[in-house]
Amino acid sequence: MKNDKLIHKKIYNQYFTSKRLLSIISNNVRRFDKSDISIMDPGAGCGSLSISAIKNIIANSKKVRFIKLITYEIDDYLILSLKYNLNALKKFGLMNNVAITYKIINSDFLISKELRKYDLIIMNPPYKKINQSSKYSELLKKYSVNTTNTYTSFMKKALGQLKTEGQLLSITPRSFMNGFYFKKFRKWLFTNFCFNQILVFDSRRLFDGVLQEIVITDFRNKHQNKNICIQYIGKGDNKIGKKIVANYYDVYESTGEVIRLIRNYTDLNEIRIMDTKNSLQDLGVSVSTGPVVRYRQKPVDLSKHYKRGFYPYIFGEHFNDNMELDWPKKKVKKFNYLRMTKENSSLFREESIYVLVKRITAKEDHKRVKAIVLDSNLNYSKIAFDNSINYLFFNNQYNLNIDIAYGLCVYLNSSLFNKMFRQVSGNTQVNIFDLNMLSYPTLEELKLLSSGIHENQNIIDKLVNRVVLNNRSGNYES
Ligand SMILES: C[S@@+](CC[C@H](N)C(=O)[O-])C[C@H]1O[C@@H](n2cnc3c(N)ncnc32)[C@H](O)[C@@H]1O
């Protein structure tokens with residue numbers, strides 16, 4: 001029986017909403033000013049989310065007299081408890097003069113043909129990648145709800161079933177708000193619906209056995225409001241932060257179509273300053289991911305020591321804390337050299353000035369972006385970059401200047417840049433999508449920042465604060 005439960009948990013992604021989350025989400029249900037309302041809870045489990053929302057409506061929307069609830073639950077095992085709990089809810093409604101009717105649909109919500117419209121949809125959908133070459137993905141295409149994850153497909157389907165002014169409240173991972181894979185979904189979402197508010201949790205441990213950044217989002221079926229509310233929820237029980245009211249265009253960055261999670265009004269001011277600055281493209285800088293995948297190289301072509309015909313092969317372990325390259329490394333864990341052969345020659349790059357950024361950082365690392373400068377003093381004509389790093393390079397000779405590379409490296413290592421990165425991404429990976437989307441100082445400012453190379457974090461942050469944000473107080477709030 002216990003095993004059955006675990007299998008179902010895994011197959012159907014049964015991570016139930018805790019009491020604390022139930023109260024936070026249902027406190028954000030809108031007020032209703034009419035007597036009849038309809039609600040849907042897709043992926044209802046035992047019904048706790050819709051039950052909590054309906055209790056809140058009964059307490060706060062006094063005009064409501066009739067509630068029609070539709071629940072979807074794919075797992076037969078849960079239907080009995082769902083029925084039991086909804087019958088109890090019906091009785092609760094009667095005691096409060098509210099007639100509640102409910103329907104349980106024991107099938108897959110995503111391919112349901114029933115397309116009724118609702119005043120409120122509340123959900124904690126299953127999270128699972130959808131393999132884009134699977135039959136299921138083909139099926140979802142027919143229903144126009146194919147996305148890269150089940151939770152975004154649930155959102156897509158649910159949003160299509162909102163009445164005008166209707167509300168969708170969902171608990172989901174934060175991942176749809178940035179990155180390349182959800183871009184198409186975001187475009188559709190932000191063109192058609194109003195992003196009303198977002199609650200962000202500091203803790204990543206909201207569901208048993210899951211370590212993930214979770215958000216509660218509130219979308220409405222109407223034109224976008226001028227403002228969006230953002231609220232942070234701390235790790236303790238009642239640590240609900242102040243609401244920040246930000247302009248939609250401060251939160252929604254339209255070039256990358258990403259959402260920036262602003263924590264306070266200092267962040268907001270910085271975003272407004274940085275939005276007037278440059279993109280990497282404006283600076284004549286491009287970024288790519290290292291093309292060499294170590295396990296695809298023949299063992300005889302990899303070496304820790306120099307041999308004829310071998311060239312520098314750079315990994316994250318060659319980054320030192322002083323923003324310099326530590327190569328060749330005496331006690332190297334991976335390798336220092338790669339042999340150039342006919343098959344792999346296209347993977348090598350010309351020796352030049354580069355700024356290197358680690359692509360993969362450890363979860364416990366507070367700093368996400370770590371950069372070093374590679375100047376052209378290795379005395380090799382070619383160089384190989386491992387797939388675990390990104391390399392920034394200069395597109396024209398005019399910009400190929402070591403001071404600009406130093407300045408860029410200082411800026412990438414600053415607390416300001418790291419904060420801007422965290423505003424758009426909860427990932428431990430630093431992808432070229434993120435680096436291309438963020439803002440950078442002007443060339444003149446980068447030259448001034450070059451004096452921060454090899455300095456400590458405090459000096460770097462003060463310098464960036466003064467040069468880039470024009471803040472002379474020297475204080476830095478992170
Ligand atoms: C993350 S749980 C949330 C359950 C409940 N709403 C809660 O908040 O505690 C997701 C639920 O969706 C159900 N489910 C998974 N895939 C589904 C699908 N395609 N259609 C309908 N229900 C589904 C699972 O069985 C599970 O009960």
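**Group meeting: a ligand site and two sheets**

I would like to start at the ligand, where a polar side-chain atom of N124 lies 3.4 Å from one of the ligand's oxygen atoms. Please keep in mind throughout that this is a predicted model.

Two further contacts belong beside that one. A polar side-chain atom of T17 is placed 2.4 Å from an oxygen atom of the ligand, and a polar backbone atom of G43 sits 2.8 Å from a nitrogen atom of the ligand. As for cover, the ligand taken alone exposes 590 Å², and the protein buries 97% of that area. There are 22 residues around the ligand, and those that come nearest are Q14, T17, G43, E73 and D108. If we ask how the residues of this shell divide by character, the count is 11 nonpolar, 8 polar and 3 charged.

Let me turn to the first of the sheets. This is an open sheet of 9 strands, in the order 3-2-1-4-5-7-6-8-9, and its pairing is mixed. Strand 3, residues 99–105, and strand 9, residues 240–247, are the edge strands, and each of them pairs on one side only. On average, and with direction ignored, neighbouring strands in this sheet are turned by 15° against each other. Helix 3, residues 48–60, packs on the sheet and touches strand 1, strand 2, strand 3 and strand 4, with its direction at about 135° to that of strand 4. Helix 6, residues 150–159, lies across strand 1, strand 4, strand 5 and strand 7, and runs at about 170° to strand 5.

At the strand 3 edge, we can look at the pairing in more detail. Strand 2, which covers residues 66–72, runs parallel to strand 3 and is joined to it by 7 bridges; within that pairing, I67 has I100 of strand 3 as its bridge partner.

Just ahead of that edge strand is a residue I would ask you to look at with some care. N97 lies in the loop between helix 4, residues 76–95, and strand 3, and N97 has a positive phi of about 60° although it is not a glycine. As background, most residues other than glycine have a negative phi, and most peptide bonds are trans.

That background also applies to the peptide bond between W327 and P328, which is cis, with omega at about -10°. P328 is found in the loop between strand 14, residues 310–314, and strand 15, residues 337–339.

Those two strands bring us to the other sheet, an open one of 5 strands with mixed pairing, in the order 13-15-14-19-16. Its edges are strand 13, residues 302–303, and strand 16, residues 348–350; each has a single partner strand, so one side of each is left without a neighbour in the sheet. Which strand does strand 16 pair with, and in which direction do the two run? Strand 16 is joined by 3 bridges to strand 19, residues 382–385, and the two run antiparallel, with R349 standing opposite I383 of strand 19.

Methods:
Residues are numbered from 1 along each chain as its sequence is written. This is a predicted model: local features need pLDDT of at least 70, side-chain atom pairs count only at pLDDT 80 or more; totals for chains, interfaces and linings use all residues. Side-chain values use heavy atoms; hydrogens and water are left out. Two strands pair if DSSP finds at least two bridges between them. Helices (H or I, at least four residues) and strands (E, at least two) are DSSP runs, numbered from the N terminus. Axes are lines fitted to C-alpha atoms, for helices over the stretch in contact, and angles run from 0 to 180 degrees between N-to-C directions. Contact means heavy atoms within 4.5 Å. A residue is near a molecule or strand if one of its heavy atoms lies within 4 Å of it. A polar contact is a pair of N or O atoms within 3.5 Å; within protein, one must be able to donate a hydrogen and the other to accept it, and residues adjacent in sequence count only if both atoms are side-chain atoms. Accessible areas come from the Shrake-Rupley method with a 1.4 Å probe; for residues, only the protein chains shown count as cover. Ala, Val, Leu, Ile, Met, Phe, Trp, Tyr, Cys and Pro count as nonpolar, Asp, Glu, Lys and Arg as charged, and the others, Gly among them, as polar.
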